[in-house]
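The following exercises are to be worked with the sequence and the coordinates open side by side. Each task is followed by a solution that proceeds step by step.

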Amino acid sequence: MDSLSTASTLDNAKAERLVEVVLPGRVEPEGLQIRYGVVPTAGPGQVVIRMEATGVSFAEQQMRRGRYYDQPPFPFVPGYDAVGTVVAVGEGVDATLADSRVAALLKVGGWASHILIDAADVVRVPEGVAAAEAETLVVNGITAWQMLHRKARIRAGQTVVVHGANGGVGSVLVQLALAAGARVIGTASGRHHEALRERGVDPVDYRDEDVAARIRALAPEGVHAVFDHVGGRGIVDSWRLLAHGGTLVSYGSAATRDDSGSKQWPVLKLLGRVWLWNSLPNGRHACFFNVWAGRALAKNRFRTRLRTDLTEVFAALQRGDITAQVAAQLPLVHAAEALRLAESGTVAGKVVLTP
């Protein structure tokens, strides 16, 4: 792209209006606010993305309660990830990025019509992959891929347990594990069991009085990995389900979502358990997965790993190994309704916000 067309693209971006959803404090979904402003300008090394799809993840559900362990001070614009088209590039940025569709992992800032971000933090979306489809696989796909292949290192013939098998991360985990040749036991409410069976999953109702006993009946010799986003007291049962050499991957504390008190304490408690379990000579391993781990100390390495793994996820989508599960699509200005829907627990897949 020449300098004239780049300037034209930037002028068009400036002519548009910035629309953002603001989380002002600890509020119900209806307390979200809409703010209007000027589209940002790309500085050196930066790009401006016109958002085409962003999503509602568990992080936003915790953030509105002030329960996400490292969220910024209120008020701020939530939005853990986004997909969109690059409408402006700054000095020193590869000009071929202009007009291309990209994905970005953000933690905050995604619930906006336009997003300013370092060019090194975007990943190109393959041609033929729709924005909403790609959006369902950014944070969810990266999380699932890295937990399965970088942490648990699952191989064909092994058995894994996926808690919340119908959820955003869980549904991707299930499909990636099956594509790797693993047997999957998945917990979910009864209304999702038929769909899980059709995928080849052995479903267990998480409302059962003794979920661990149900899982042990299906895998009496133990399992090779448990992926647990629930935390709380149930994390001990997850640990006990492991066979010798097995791995517990904890990646959340959904059980404490509505608790009061310190937002750091549930995570610190999980980390304490992980340290204790790993110090025991029992041939099992536990870890607490944080998708941002390593970014502060080795940013370039983090970016390379993110780009590599998200590219693998998109390739799995194109092969048909996984499908993009869009639970619902709502306009950005209906973020309150989208957040309420995501928190209802009645949907399978990810709730997506569009411009």
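**Exercise 1: the open sheet**

Describe the open sheet of six strands, and place the helices that pack on it.

Solution. In this predicted model, the six strands of the open sheet follow the order S10-S9-S8-S11-S12-S13, and their pairing is parallel. The next step is to find the edges, which are strand S10 (202-205) and strand S13 (285-288), each of them pairing on one side only. Neighbouring strands of this sheet are turned against each other by 15 degrees on average, direction ignored.

Within the sheet, strand S8 (residues 159-162) and strand S11 (residues 223-228) run parallel and are joined by three bridges, and Val161 stands opposite Val226 in S11. Helix H5 (residues 168-179) packs on the sheet, where it touches S8, strand S9 (183-188) and S11, and the direction of H5 makes about 170 degrees with that of S8. Helix H7 (residues 211-218) also packs on the sheet, touching S8, S9 and S10, with a direction that makes about 160 degrees with that of S10.

**Exercise 2: the surroundings of strand S3**

Determine whether strand S3 (residues 46-56) is largely enclosed, and list strands that pair with S3.

Solution. Begin with burial, for which the cut-off is under 20% relative accessible area: eight of the 11 residues of S3 are buried, so the strand is largely enclosed by the rest of the structure.

Then take the pairings in turn. With strand S6 (residues 114-118), S3 pairs in the antiparallel sense over five bridges, and the bridge partner of Val47 in S6 is Ile117. With strand S4 (residues 81-89), the antiparallel pairing extends over seven bridges, and here Thr54 has Ala82 as its bridge partner. With strand S15 (residues 350-354), S3 pairs in the antiparallel sense over three bridges, and Gly55 stands opposite Val352.

**Exercise 3: the nonpolar cores**

Which residues of the largest nonpolar core touch the most other members?

Solution. The largest nonpolar core has 90 residues, of which Val47, Tyr80, Trp111, Leu173 and Phe227 touch the most other members. Helix H10 (residues 299-319) supplies the largest share of this core, seven residues. To follow one of these members further, leave aside the neighbours of Val47 within four places in sequence; the contacts of Val47 then include Val86, Ala88, Leu97, Ile115 and Ile117. Another core, of 21 residues, lies apart from the largest one, and among its members are Ile185, Ile215, Leu270 and Trp277. As a general background, nonpolar side chains tend to be buried together in soluble globular proteins.

Conventions. Residues are numbered from 1 along each chain as its sequence is written. This is a predicted model: local features need pLDDT of at least 70, side-chain atom pairs count only at pLDDT 80 or more; totals for chains, interfaces and linings use all residues. Side-chain values use heavy atoms; hydrogens and water are left out. Two strands pair if DSSP finds at least two bridges between them. Helices (H or I, at least four residues) and strands (E, at least two) are DSSP runs, numbered from the N terminus. Axes are lines fitted to C-alpha atoms, for helices over the stretch in contact, and angles run from 0 to 180 degrees between N-to-C directions. Contact means heavy atoms within 4.5 Å. Buried means under 20% relative accessible area, exposed over 50%, partly exposed in between (1.4 Å probe, protein chains only). A nonpolar core is a set of buried Ala, Val, Leu, Ile, Met, Phe, Trp, Tyr and Cys residues joined through side-chain atoms within 4.5 Å.
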